[in-house]
Amino acid sequence: MGYAKWIGGLLGAFAGGPIGAIAGYALGSLYDKIKEGVTIVSDETTYGEGVDAGQRNGFLFSLLLLAAHIIQADGKIMHSEMEYVRRMLRESYGTAAEAQGNDILKKLFDRRKTIGESEWNRQMMACCTQMRQAMTQEQRLQLLAFLCEIAKADSTVDQNEVSQLRLVAGYLGIPSESIDQLLNLGGNTLEEAYKVLGVPADASDEDVRKAYRKLALQYHPDKVASLGEDVRAAAEKKFKEIGAAKDLIWQARGL
């Protein structure tokens with residue numbers, strides 16, 4: 001299998017600009033074919049009804065690109081963080097996609113080393129600007145949710161990772177407090193639950209309800225359904241974790 005099933009196809013709005021330039025480096029001859037207008041397909045290339053192949057593939061490459069950035073945010077390449085990405089690819093697309101994604105990440109690490117930190121960071125800012133223009137807010141939030149899960153994969157989120165996540169969020173046009181909310185998802189304490197909803201513990205019941213309704217709308221799985229069932233399933237998990245945080249607060253308040 002080539003890249004077709006999971007990242008082959010057209011990259012849609014990301015085929016040009018800074019993301020396109022990096023895709024050309026990371027995907028090599030495949031990207032040359034895409035630029036020439038050759039449709040890359042395989043017997044395994046299937047998309048559900050309503051899925052936009054260009055949006056989907058652009059989203060997945062953007063995820064790998066920013067994953068390479070966050071994985072190296074603390075100056076180390078942690079096995080657990082790499083494995084999180086490999087497992088996601090393996091479970092959603094198979095072992096071939098896992099190996100290819102791993103290869104793309106290594107090429108991106110090499111590019112960062114070759115061009116230097118200053119130029120790499122400039123390119124990441126430009127790429128995020130392109131993502132901001134091409135993706136909906138809900139799609140960008142889901143992208144950040146994946147990045148936060150990568151940062152959490154080694155059970156310790158380094159302050160450098162948090163700083164880079166906040167920078168990326170800003171470049172994507174997402175409030176930095178969304179990072180605190182995402183990093184606290186899946187927790188089992190009341191303190192973490194309030195951080196997920198983004199309100200202080202002494203907030204009024206009405207403010208807590210408003211915060212939950214806002215999050216429920218932002219992270220509803222249907223908002224990213226056009227990216228494919230696998231992305232929607234990840235969004236469904238986040239949606240349930242938001243609900244669990246809400247239930248914890250509701251129980252404490254007797255609501």
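In which helix is the place of L64? In this predicted model, L64 belongs to helix α3. Its relative accessibility is 2%, so L64 counts as buried, the limit for that class being under 20%. A partner from elsewhere in the sequence can be picked out here: L147 is 83 residues away from L64 along the chain, yet 9.5 Å separates their C-alpha atoms.

Helix α3, which spans residues 53-71, also takes part in the largest pocket. This pocket holds about 320 Å³ of space. Its lining is made up of 19 residues, and those nearest the centre are Y84, M88, F146, D230 and A234. Besides α3, the elements that contribute two or more residues to this lining are α4 (79-93), α7 (137-152) and α12 (229-253). By residue class, the lining of the largest pocket comprises eleven nonpolar, two polar and six charged residues.

The second largest pocket offers about 270 Å³. Here 15 residues form the lining, with E177, S178, Q181, K214 and Q218 closest to the centre. At least two lining residues come from each of α7, α9 (177-183), α10 (190-197) and α11 (205-218). The lining of the second largest pocket splits into six nonpolar, five polar and four charged residues. Helix α7 thus deserves a second look, as a contributor to the lining of the largest pocket and to that of the second largest.

Helix α12 invites a description of its own. With 25 residues, α12 reaches 36 Å from its first C-alpha to its last, close to the 36 Å expected at 1.5 Å a residue. Its buried residues are V231, A234, A235, K238, E241, I242, G243, A245, K246, I249 and W250. These buried residues pack against α3, α7, α10 and α11. One of them, A234, is also among the residues nearest the centre of the largest pocket. Just beyond the end of α12, G254 adopts a positive phi of about 70°.

Turning to charged contacts, side chains of opposite charge can pair when their charged atoms come close. Across the whole structure, 17 salt bridges are found. Within α12, the side chain of K246 meets that of D247 in a salt bridge, with an N to O distance of 3.0 Å. How do the partners sit with respect to solvent, buried or partly exposed? K246 has a relative accessible area of 17% and is therefore buried, whereas D247, at 41%, counts as partly exposed. Elsewhere, salt bridges with shared partners link E83, R86, R90 and E98 into one network.

Two further pairs can be described in the same way. E117 and R112 form a salt bridge in which the closest N and O atoms are 2.9 Å apart. R112 counts as buried because its relative accessibility is 7%, while E117, at 44%, counts as partly exposed. In the other pair, E206 and R213 are joined by a salt bridge with an N to O distance of 3.5 Å. E206 has a relative accessibility of 38% and so counts as partly exposed; R213, at 42%, counts as partly exposed too.

Key:
Residues numbered from 1 in each chain as written. Predicted model: local features only at pLDDT ≥ 70, side-chain atom pairs only at ≥ 80, totals over all residues. Heavy atoms only, no water. Salt bridge = Lys/Arg side-chain N within 4 Å of Asp/Glu carboxyl O. Buried < 20%, exposed > 50% of the residue type's maximum accessible area, 1.4 Å probe, protein only. 1 Å grid on protein atoms, 1.4 Å probe; cavity = no way out; pocket = protein on both sides within 12 Å on 5 of 7 lines; lining within 4 Å. Points joined across faces, edges and corners; volume = space filled by probe spheres on them. Helix = DSSP H or I, 4+ residues; strand = E, 2+ residues; numbered from the N terminus. Nonpolar A, V, L, I, M, F, W, Y, C, P; charged D, E, K, R; others polar. Expected span 1.5 Å × (residues − 1). Contact = heavy atoms within 4.5 Å.
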